[in-house]
Amino acid sequence: MLELKNLYFTVPESEENSGGSRNIIDGINFTFDDGKFYAITGPNGSGKTSLAKLIMGINPVSKGSIIYDGVDISALTITERAGAGIAYSFQQPARFKGITFRDLLMIATGIDDENKILNILKRVGICPLSFLDKEVDAKLSGGEIKKIELATTIAANPKLAIYDEPDTGIDLWTIGPMVSLLKKELAESKATTIVVSHNRSFLEAADIVIIINSGRIAYSGNLEGAMPLLDDLSVCTYRDSCEGDSDAGCYR
Ligand SMILES: Nc1ncnc2c1ncn2[C@@H]1O[C@H](COP(=O)(O)OP(=O)(O)O)[C@@H](O)[C@H]1O
Ligand SMILES: [Mg+2]
């Protein structure tokens, strides 16, 4: 169970308003139950990535606390949180020259057995031969790097996995299988899955939809109940304009 208690992430104001501060995450209280699938959505710049990074320890907690399985992890390092079973899949994954996907998987999982590595790839639906020896550098497409990031996160067998916009740059045909994969992993591992996304497939798959607006939780509950607010915030532009449309510019 992950509890966010009166959580704040505060940064100094921009130079023009020097001296002030801004609450990017503005007093969030929420409990994530084990084994559930959560989708976090909300307008651009509302604080979704900032919240995910607070949970992983990439952003420091300014005020409040994060309690994981009864332990206050607010002051723990990223590595200590990873050791406790929390994993984060970046919205914009890093690229490394000279490092192959095989190296990355081995570093992430500590596994150096070729057969086990191949099994992980099969599990996440990546064709081993075409991917394993690819360098995770600038030459990879946005979609490829996201698939690699996803596989690396899943391979670490986290108890709590946070995926930040895993569908960005992914072809439309891959989104359905990606949702199924995360649901299947969840069912098998009894982990908690948090996906930050605007995509309807993820919102529909979620047990609980959370809407973040201006650093606060504006809604949590089922998708049906979220729709009026999503329309209001123009998060789900697909509703009128994108229905049945395969335009990749639409949030579908
Ligand atoms: N470390 C930081 N310092 C200053 N501003 C930040 C920092 N991190 C995020 N922000 C700002 O906080 C807001 C929310 O960012 P983010 O959490 O990335 O939004 P989202 O993921 O919802 O699109 C944005 O205006 C962003 O520029
Ligand atoms: Mg973001």
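1. Let me start in the middle of things: Asp164 has Val196 of β8 as its bridge partner. The two strands concerned, β7 and β8 (residues 192-196), pair in the parallel sense over five bridges, where pairing requires that DSSP finds at least two bridges between two strands. Helices and strands are DSSP runs, with H or I over at least four residues for a helix and E over at least two for a strand, numbered from the N terminus.

2. A word on what you are looking at. This is a predicted model, in which local features need pLDDT of at least 70 and side-chain atom pairs count only at pLDDT 80 or more, while totals for chains, interfaces and linings use all residues. Residues are numbered from 1 along each chain as its sequence is written, and chains are lettered from A and ligands numbered from 1 in the order in which they are written.

3. For the overall picture, the chain has ten helices and ten strands. Of its 252 residues, 36% count as buried; buried means 20 or more other C-beta atoms within 10 Å of the residue's own, exposed means 12 or fewer, and partly exposed lies in between, with C-beta atoms placed from the backbone. Among contacts with a separation of 6 or more, 67% come from residues 24 or more positions apart, a contact being two C-beta atoms, placed from the backbone, within 7 Å.

4. Back to β7, which I enjoyed most. Five of the five residues of this strand (residues 160-164) are buried, so β7 is largely enclosed by the rest of the structure. In a regular strand the side chains alternate between the two faces of the sheet. Here Leu160, Ile162 and Asp164 lie on one side and Ala161 and Tyr163 on the other, and both faces are covered.

5. On to β6 (residues 86-89), which is joined to β7 by four bridges in the parallel sense. Ile86 stands opposite Leu160 of β7. The residues of β6 are all buried too, with Ile86 and Tyr88 pointing one way and Ala87 and Ser89 the other.

6. How is the step from β7 to β8 made? Together with helix α7 (residues 172-189), the two strands make a right-handed β-α-β unit. Right-handed here means that, with the strands pointing away from the viewer, the path from the first strand over the helix to the second runs clockwise.

7. Helix α6 (residues 142-155) passes a simple length check. Its 14 residues should span 20 Å at 1.5 Å a residue, and the end C-alpha atoms are 20 Å apart, which agrees; the expected span is 1.5 Å times one less than the number of residues. Eleven of the 14 residues are buried, so α6 is largely enclosed by the rest of the structure. The buried residues include Lys146, Lys147 and Glu149 alongside Ile145, Ile148 and Leu150. After the helix comes Asn157, with a positive phi near 50 degrees.

8. Which residues surround ligand 1? They are Val11, Ile24, Gly42, Asn44, Gly45, Ser46, Gly47, Lys48, Thr49 and Ser50, taking a residue as near if its C-beta atom, placed from the backbone, lies within 6 Å. Helix α1 (residues 48-56) gives the most to this shell, with three residues. The shell divides into two nonpolar, seven polar and one charged; Ala, Val, Leu, Ile, Met, Phe, Trp, Tyr, Cys and Pro count as nonpolar, Asp, Glu, Lys and Arg as charged, and the others, Gly among them, as polar.

9. There is also an open antiparallel sheet of four strands, in the order β2-β1-β4-β5. β2 (21-32) and β5 (71-72) stand at the edges, each with a single partner strand, so one side of each is left without a neighbour in the sheet. Two bridges join β4 (residues 63-68) to β5, and Tyr68 has Val71 as its bridge partner.

10. Two loop residues deserve a look at their backbone angles. Most residues other than glycine have a negative phi. Asp69, in the loop between β4 and β5, has a positive phi near 50 degrees and is partly exposed, with 13 C-beta neighbours inside 10 Å. Ser214, in the loop between β9 (208-213) and β10 (216-221), has a positive phi of about 50 degrees and is partly exposed, with 14 other C-beta atoms within 10 Å.

11. Finally, Glu80 sits in helix α2 (residues 78-83). Is Glu80 buried or exposed? Glu80 is exposed, with 12 other C-beta atoms within 10 Å.
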